[in-house]
Amino acid sequence: MQVLSPRFVRKFDKKIINIHHSLLPAFIGANTYRRAFERGVKVIGATAHYVTEKLDEGPILAQQAIHLTDGLTLSDYKQYGKSIESDTLLQAIKWHIEDKIFIYHNKALVLK
């Protein structure tokens with residue numbers, strides 16, 4: 001995880017997309033799979049969002065989720081989560097490049 005300076009983020013406003021390995025706004029920050037595992041969540045996922053000065057609070061562009069069964073290990077959580085991260089990020093980048101995203105009150109409206 002790399003935290004960018006506020007100056008850098010402002011310079012590239014709405015041009016930096018982050019892939020976060022949880023369904024935001026849950027589990028902001030690092031070690032999301034471990035924290036989800038410790039809480040015994042039944043759904044994990046990935047969130048692609050624009051980077052803002054506030055950590056993991058930018059407009060959400062795309063999300064995908066996976067329902068989990070009981071008895072999984074932390075390694076399983078990580079494996080399942082990583083399996084959808086790239087697809088989620090790719091979808092957000094595609095919409096960004098196609099200029100299909102409009103921001104309104106920190107919400108991303110996507111024209112599909």
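Here are three short exercises on helix 3 and the aromatic pairs of this predicted model.

**Exercise 1.** Work out what span helix 3 should have at 1.5 Å a residue, and check that against its end C-alpha atoms.

*Solution.*
- Start with the residues: helix 3 runs over 74-97, which makes 24 of them.
- The rule takes 1.5 Å times one less than the number of residues, so helix 3 should span 34 Å.
- Now look at the ends: the C-alpha atoms there are 35 Å apart, which agrees.
- While you're there, look at Glu85, where helix 3 bends by about 25 degrees.

**Exercise 2.** Find which residues of helix 3 are buried, and what they pack against.

*Solution.*
- Go along the helix and pick out the buried ones: Tyr77, Gly81, Ile84, Glu85, Thr88, Ala92 and Trp95.
- Here's a handy bit of background: an α-helix has 3.6 residues a turn, so residues three or four places apart point the same way.
- Then see what the buried residues pack against: helix 2 (32-39) is one of the partners, and strands 1 to 5 are the others.

**Exercise 3.** Search the whole structure for aromatic pairs and say how each is arranged.

*Solution.*
- The search turns up two pairs.
- Phe8 and Phe12 sit 4.9 Å centre to centre with 45 degrees between the planes, so the pair counts as tilted, as edge-to-face needs over 60 and stacked under 30.
- Phe37 and Tyr77 are 5.3 Å centre to centre, and their 90 degrees makes the pair edge-to-face.
- That pair links distant parts of the chain, with Phe37 in helix 2 and Tyr77 in helix 3, 40 residues apart.
- Lastly, check exposure: Phe37 is partly exposed at 33% relative accessible area, whereas Tyr77, at 5%, counts as buried because the cut-off is under 20%.

Key
Residues numbered from 1 in each chain as written. Predicted model: local features only at pLDDT ≥ 70, side-chain atom pairs only at ≥ 80, totals over all residues. Heavy atoms only, no water. Helix = DSSP H or I, 4+ residues; strand = E, 2+ residues; numbered from the N terminus. Bend = angle between axes of the 7 residues up to and from the residue. Buried < 20%, exposed > 50% of the residue type's maximum accessible area, 1.4 Å probe, protein only. Contact = heavy atoms within 4.5 Å. Phe/Tyr/Trp six-rings, centres within 6.5 Å; stacked < 30°, edge-to-face > 60°.
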